[in-house]
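Please load the model in a viewer with residue selection and a cartoon representation enabled. The stops below proceed by selection, each followed by a description of what is found there.

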Amino acid sequence: MTDTSVGSSQRPLRVAVVGSGPAGFYAAGALFKQKDYEVTVDLFERLPCPYGLVRYGVAPDHQKIKGVTRVFDKTASHPNFRLFANVHIGRDITADELREHYDQVVLTVGCETDRRMAIPGENGDGCYAATSFVAWYNGHPDYQNYSVNLEVPRAAIIGVGDVSMDITRMLVKGAEALATTDITEQALTTLRRSQIRDVYIVARRGWAQSAFAQKELSDIAALPHVQVHVDAEQVSRDLEAHPDLSSIAKRKLEYLVDLGKQAPRRDATHHVHFRFLRSPKELTLRDGKVDALDLEENTLVRSDDGWLSAQGTGNIESLAVGAVFRAVGYRGVPLPGLPFDQRRGLIPNDSGRVVDAETGERVPGVYASGWIKRGPSGVIGTNKTDSVETVSKMLEDVPTLTVSSSANESPSIDELIKTRNIQVIDLPRWQTLDTIERERGSSKNKVREKLTSAEAAWQALGG
Ligand SMILES: Cc1cc2nc3c(=O)[nH]c(=O)nc-3n(C[C@H](O)[C@H](O)[C@H](O)COP(=O)(O)OP(=O)(O)OC[C@H]3O[C@@H](n4cnc5c(N)ncnc54)[C@H](O)[C@@H]3O)c2cc1C
């Protein structure tokens, strides 16, 4: 007798993945790797081009890291994989419609918005969200009308994670060193006009609590025209005061002490300064434009659970800066019709199984992975571990699925898409666009020249 159960060759497990960043591709990869079930994966992406933050977040001068897309391309070459780019779930197709068409839906939509500082002056001209700035220089279609004024001598970056380090490097590296990357021409022109010479990195807590990776700062310190100012004595004191640091954090602080002791570069044209134990309090505006940033000094207070939090002392330092970038965290965006944890800014889940935010009850057939599952942390590879966990839960649940599930009876998703008049960019179309981008780039001695809108992509494909 023919086996027609879900996951058999007659009736494969039908999975929809929403979001084509690392978590989405790693989920698809894990589904294809397992041997228990026959699986088909349809991957939906709201933008015309795939790869999420690998394309639109990772800095243009980190091309080696962007090379991880080769792993995703291998997954995409599986005969049971289909790409549906330029399809916005929640707008073009609802979450309920997806659930009707597939046995399982995996949400890997990332964290697309930013946290705010909630201080006076934050809406002034010259105060920028890291999310927007990064997306702008990386050619994200939603941010190409964005305008940034870098024709100011001093800038501050709020937050001291790897995103802050990326922004610092982009501001001090020099446009010519980025000219051969896949940065947009518009961003390159703006960076060429940049007058920024001093960058202040502001953090609420101390050196020992800072989240940035040592490599990110050492890449900046290695730039011959840049002086990174580190107070070696202050770092040494922090090192002594925190004997319980992880070995990685300890090594980073030892590196910082060494860096602080190095002879200053007298010919440096660009300077990076740190303002630790400072919280942003207010942005002073002149004619609506950022003119200064007030910082309140903090001390660290240990709570009962051992957490060190910053407490204001009332002492204020004012920095004269014309641009402020807030890099205080990314946050998820709710998907209509699905649970969302407003406080944490992510989709509530139990090891990847989506649950109701209030009752904790499971939402059958719906899963999450990546940043929208655990929050914006970790490196690209962390999403692989995350997706493997989610996929293991999905596979555990397969025996509970029945062939009579609605996914069997609905008209095909392709028909639904046709009725909506959506201009899908499928895998062959994306492969053509990829070649076009590389060719356009190569004529300018660049890695690629990105197509920065759905319209431009369609035009490049011949309309
Ligand atoms: C500025 C920056 C620099 C970084 N640099 C590095 C680095 O150098 N090295 C490193 O290891 N990690 C880096 N990271 C971290 C890494 O990018 C993330 O860990 C990873 O991209 C998260 O993967 P994800 O799949 O969860 O989300 P994302 O990569 O954000 O992918 C989510 C995808 O879902 C799509 N989507 C959203 N909503 C919908 C919808 N409704 N319908 C359809 N599609 C939707 C989005 O368009 C996007 O393509 C960086 C992150 C940032 C922000």
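The model is predicted.

**First stop: the seven-stranded sheet**

Begin by displaying the open sheet of seven strands, which runs in the order β3-β2-β1-β4-β18-β17-β16 with mixed pairing. Its edges are β3 (81–85) and β16 (349–350); each has a single partner strand, so one side of each lacks a neighbour in the sheet. The helix to add next is α15 (residues 413–420), which packs on this sheet and touches β2 and β3. The direction of α15 makes about 15 degrees with that of β3.

Within the sheet, select β1 (residues 13–18) together with β2 (residues 39–45): six bridges join them in the parallel sense. To see one such bridge, pick Arg14, whose partner in β2 is Thr40.

**Second stop: the loop before α15**

Which residue lies in the loop between α14 (406–409) and α15? Selecting Ser412 answers this, as Ser412 occupies that loop. Ser412 is partly exposed, since its relative accessible area is 31% and the partly exposed class spans 20% to 50%. Then add His101 to the selection: 311 residues separate Ser412 and His101 in sequence, yet their C-alpha atoms are 7.2 Å apart in space.

**Third stop: strand β7 and its partners**

Select residues 154–158, which form strand β7. Four of these five residues are buried, so β7 is largely enclosed by the rest of the structure. Two pairings of β7 may be displayed in turn.

- With β8 (residues 198–202), β7 pairs in the parallel sense over five bridges; Arg154 has Asp198 as its bridge partner in β8.
- With β14 (residues 323–326), β7 also pairs in the parallel sense, over four bridges; here Ala155 stands opposite Ala323 in β14.

**Fourth stop: the three-stranded sheet**

Move to the open sheet whose three strands follow the order β11-β12-β13, with antiparallel pairing. The edge strands, each pairing on one side only, are β11 (278–286) and β13 (308–319). Averaged over this sheet and with direction ignored, neighbouring strands are turned by 25 degrees against each other.

Narrow the selection to β11 and β12 (residues 289–302), which are joined in the antiparallel sense over eight bridges. In that pair, Leu285 stands opposite Val290 in β12.

**Fifth stop: the crossing of α1 and α13**

Two packed helices are described by the angle between their axes and the distance between the axes. Select α1 (residues 22–33) and α13 (residues 382–397): their axes come within 8 Å and cross at roughly 50 degrees. The two helices are therefore oblique to each other, and α1 passes α13 in a right-handed crossing.

Side chains may now be shown for the contact. From α1, the participants are Pro22, Ala23, Tyr26, Ala27, Ala30 and Leu31. They meet Asn383, Lys384, Ser387, Val388, Val391, Met394 and Leu395 in α13. Coloured by class, this contact of α1 with α13 has ten nonpolar, two polar and one charged residues.

**Final stop: helix α6**

Is helix α6 (residues 130–137) mostly covered or mostly uncovered? A surface display will show that α6 is mostly covered, with eight of its eight residues buried. The buried residues include Phe133, Trp136 and Tyr137. After α6, select Gly139, which has a positive phi near 80 degrees.

How values were computed
Residues numbered from 1 in each chain as written. Predicted model: local features only at pLDDT ≥ 70, side-chain atom pairs only at ≥ 80, totals over all residues. Heavy atoms only, no water. Buried < 20%, exposed > 50% of the residue type's maximum accessible area, 1.4 Å probe, protein only. Pairing = 2+ DSSP bridges. Axes fitted to C-alpha atoms, helices over the stretch in contact; angles between N-to-C directions. Parallel < 35°, antiparallel > 145°, perpendicular 65-115°, else oblique. Left-handed = near helix turned anticlockwise from the far one by under 90°. Contact = heavy atoms within 4.5 Å. Nonpolar A, V, L, I, M, F, W, Y, C, P; charged D, E, K, R; others polar.
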